[in-house]
Amino acid sequence: MTAEFAVELRDVVKKFITPEGNSLNAVDHVTMQIKNGEFFSMLGSSGCGKTTSLRMIAGFEWPTEGEVYIEGKAMGHLPPFQRKVNTVFQSYALFQHLTVFQNIAFGLEMEGADKSEIEKRVKHVLEMVQLTGMERRKPKQLSGGQQQRVAVARALVKVPDVLLLDEPLGALDLKLRKEMQLELKALQQQLGITFVYVTHDQEEAMTMSDRIAVMSKGKVQQMGHPVEIYERPANKFVADFIGESNFLDGKIKSLSKEEAVVFIPAWNTEITGLPVSPGLVNGEEVTVSIRPEKVLISDQTLNQNSFKGKVTNTVYIGTDTHVYTDVMGKRVKVLEQNRISRLDPGSFYTIGQDVNLVMMFENVLVLKKE
Amino acid sequence: MNPHRRHPFIFSSAILVYIFLYAPIIVLILFSFNASRANITFEGFIPTFSERTVMEGSVVKASPCGPFHWFCELAKDDDVIEAAGNTLTIAFISTLISTIIGTMAALALQRYEFKLKPFSQLSLYIPIVIPEIVMGIGILTLFSQLFGVINNGLGLSGDSRLSMGISTVIVSHIAFSVPFVTLVVQARLQGFDKSYEEAAMDLGANEWTTFRRVTFPMILPGVLSGGLLAFTLSLDDFVITFFTNGPGSTTLPIYVYGLLRRIITPQVNALSTVWILTIFSAVLLLQWVQSREAKH
Ligand SMILES: Nc1ncnc2c1ncn2[C@@H]1O[C@H](COP(=O)(O)OP(=O)(O)OP(=O)(O)O)[C@@H](O)[C@H]1O
Ligand SMILES: [Mg+2]
């Protein structure tokens, strides 16, 4: 019987002594429950403790406090070679002195599989990652993308309960990276293996994951489905880190079950009809967050929250145009999709032009102030 | 203008360096074919083969081995054979042991943090920079004091008394080779990422299997270079061997030095030629092994 969770971190802390002699909580009271068959990503900027968390699951590091469970079993100080998880390293760590075949066969030899079994399984996994015919090459004779596939094949051939991947696509160019993202995701769905994926690229995490844990400074800021994280960020950090946002300081004026009314001092006005998130208190100082693509530039003042602004700058980037506006001294960025081909630059907004900005209330978020 | 054009100055200085390096060796080899036993001037090659050696004054006119007369003489010389045997025995044993110790030291210095680490690293350089003669005297003093205490303490007498010999030479050669091996292997380890070892363990290999199947094969070129360095250092060491050898443990350098005090016949040159060719082939072999390694 499989346990409820493939991997569980319970209140895990990892302390390091930095070279300067300070104590640092690289991972700070992290609790995560990763379900069987899930594609789970840890997302965060450099140094937030993603790799350290992954290494504790793999067994390369031991938690200072708390416990790691794999398939319901406490791992304690179990060495990596006794855990049914496998890792795809950021640097791939392919054995340079061995061929592709030998690299992939390595893990099976350690299990004591016999020769014909090894041949069969290596062949199968090579087909899976589309590397048939490369068996006898050395890693140096492969392209970056091919090496990456070998690294995945070497881990997958062991049929682990959980596959850990530490920024496995970091070294690839953008186009190949996007291709590999879809391939890895398809592979994961086909095999039904739990993937724990580390990345600092939010688009990558969004593309592939069933659930994302957004991390910062060793702590989990929010865990959830990509839509949930983007549309309902738990705090300002998440709203800022995932996608872009316009932030305004505000104060809750009134709070009911259905709506919140927030006073914006900078604009000396109230925004009404905002969605209510749990934990907000009447009168509280808050941060209001508005995604640039959710602001409309419109001729009409719709029956919504509508503000007058001046265009200060426009940036054309092909798919979209970024329109920077000034609304009573506050910069508000608006993102407009270029749905219609226009070659005449004159038809874009001109600098200094007066525009009407409409913010539909369900799109404006009220976040706890930090 | 061609930027790759050889500058005449660089070209001629390169030629000069080659001449300084290789002219003595070429002369040395040439003289091992010298017909003159006095070996002061080159009297030409020995022209003919004959049943027995024919001398005319100090010049050899004919020999059973023809031009290779002195090499045959060398092969008949029991002292040389014994010295060569000693030299190789000492070199092989000290290389093997110092390579193992040096490699382990390099690995330990790379992966463990300990209090005296900076000191250990520094202490590697001391035997290298210290004058060899000082090392030699030091080792001699150490051994003689130590043996004195043991011999007296245990009341040993006659043949069972500990004395200088082949084993003291081996121990001292190990002592001066270890730092060289350690430094060479350390250089190789500089680029060695610990994720290779982690990958092996991740795939189910325990510590020992990881070392055997991954770490060792990957650092092998460094270990081989270190070993070769230890081997050549041991082969031509004179000073330290001079202080630590005893009866029956004469090595080739010591033997040649002994000959020099008497008379230098072309036999000494013949010996040197064999020696140079041996070392030269060893280096070529290693180069070949390493270039084959690099290709893959
Ligand atoms: N062995 C170690 N000794 C001391 N500090 C460490 C050690 N390993 C990691 N750290 C520190 O712990 C923190 C988290 O590191 P970690 O490698 O987990 O970050 P990360 O989220 O993977 O970052 P990146 O995206 O740059 O890979 C960093 O501040 C790092 O300097
Ligand atoms: Mg990392």
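**Exercise 1. Locate A:V159 in chain A and describe its backbone.**

Solution. A:V159 sits in the loop that joins α4 (144–156) to β7 (162–166) of chain A. The model examined here is a predicted one. In it, A:V159 has a phi near 45°, a positive value in a residue other than glycine.

**Exercise 2. Where is A:Y92 placed, and is A:Y92 buried or exposed?**

Solution. Begin with the location: A:Y92 belongs to the loop between β6 (85–88) and α2 (100–111) of chain A. Next, consider the backbone: the phi of A:Y92 is positive, about 70°, although the residue is not a glycine. Finally, apply the cut-off for burial, which is under 20% relative accessible area. A:Y92 has 6% relative accessibility and therefore counts as buried.

**Exercise 3. Describe the surroundings of ligand 1 in chain A.**

Solution. Step one is to list the neighbours. The residues around ligand 1 are A:F16, A:I17, A:L24, A:A26, A:S46, A:G47, A:C48, A:G49, A:K50, A:T51, A:T52 and A:E167. By character, this shell divides into 5 nonpolar, 5 polar and 2 charged residues.

Step two is to examine individual contacts. An N or O atom in the side chain of A:S46 is 2.5 Å from an oxygen atom of ligand 1. The side chain of A:T51 likewise has an N or O atom 2.5 Å from an oxygen atom of the ligand. From A:G47, a backbone N or O atom lies 2.8 Å from an oxygen atom of ligand 1.

Step three is to consider coverage. On its own, ligand 1 has 640 Å² of accessible area, of which the protein covers 63%.

Step four is to assign the shell to elements. Those giving two or more residues are β1 (5–17), β2 (23–35) and α1 (50–58) of chain A. The most is given by α1(A), with 3 residues.

**Exercise 4. How many residues of α1(A) are buried, and what follows α1(A)?**

Solution. Of the 9 residues of α1(A), 8 are buried, and the helix is mostly covered. The buried residues are A:K50, A:T52, A:S53, A:L54, A:R55, A:M56, A:I57 and A:A58. After the helix comes A:G59, with a positive phi near 100°.

**Exercise 5. Compare the span of helix α8 of chain B with that of a straight helix, and locate its kink.**

Solution. A straight helix of 29 residues would span 42 Å at 1.5 Å a residue. Helix α8 (residues 207–235) of chain B spans only 36 Å between its end C-alpha atoms. Along α8(B), a kink of about 55° lies at B:L220, shortly before the proline B:P221.

Key:
Residues are numbered from 1 along each chain as its sequence is written. Chains are lettered from A and ligands numbered from 1 in the order in which they are written. This is a predicted model: local features need pLDDT of at least 70, side-chain atom pairs count only at pLDDT 80 or more; totals for chains, interfaces and linings use all residues. Side-chain values use heavy atoms; hydrogens and water are left out. Helices (H or I, at least four residues) and strands (E, at least two) are DSSP runs, numbered from the N terminus. The expected span of a helix is 1.5 Å times one less than its number of residues. The bend at a residue is the angle between axes fitted to the seven residues ending there and the seven starting there. A residue is near a molecule or strand if one of its heavy atoms lies within 4 Å of it. A polar contact is a pair of N or O atoms within 3.5 Å; within protein, one must be able to donate a hydrogen and the other to accept it, and residues adjacent in sequence count only if both atoms are side-chain atoms. Accessible areas come from the Shrake-Rupley method with a 1.4 Å probe; for residues, only the protein chains shown count as cover. Ala, Val, Leu, Ile, Met, Phe, Trp, Tyr, Cys and Pro count as nonpolar, Asp, Glu, Lys and Arg as charged, and the others, Gly among them, as polar. Buried means under 20% relative accessible area, exposed over 50%, partly exposed in between (1.4 Å probe, protein chains only).
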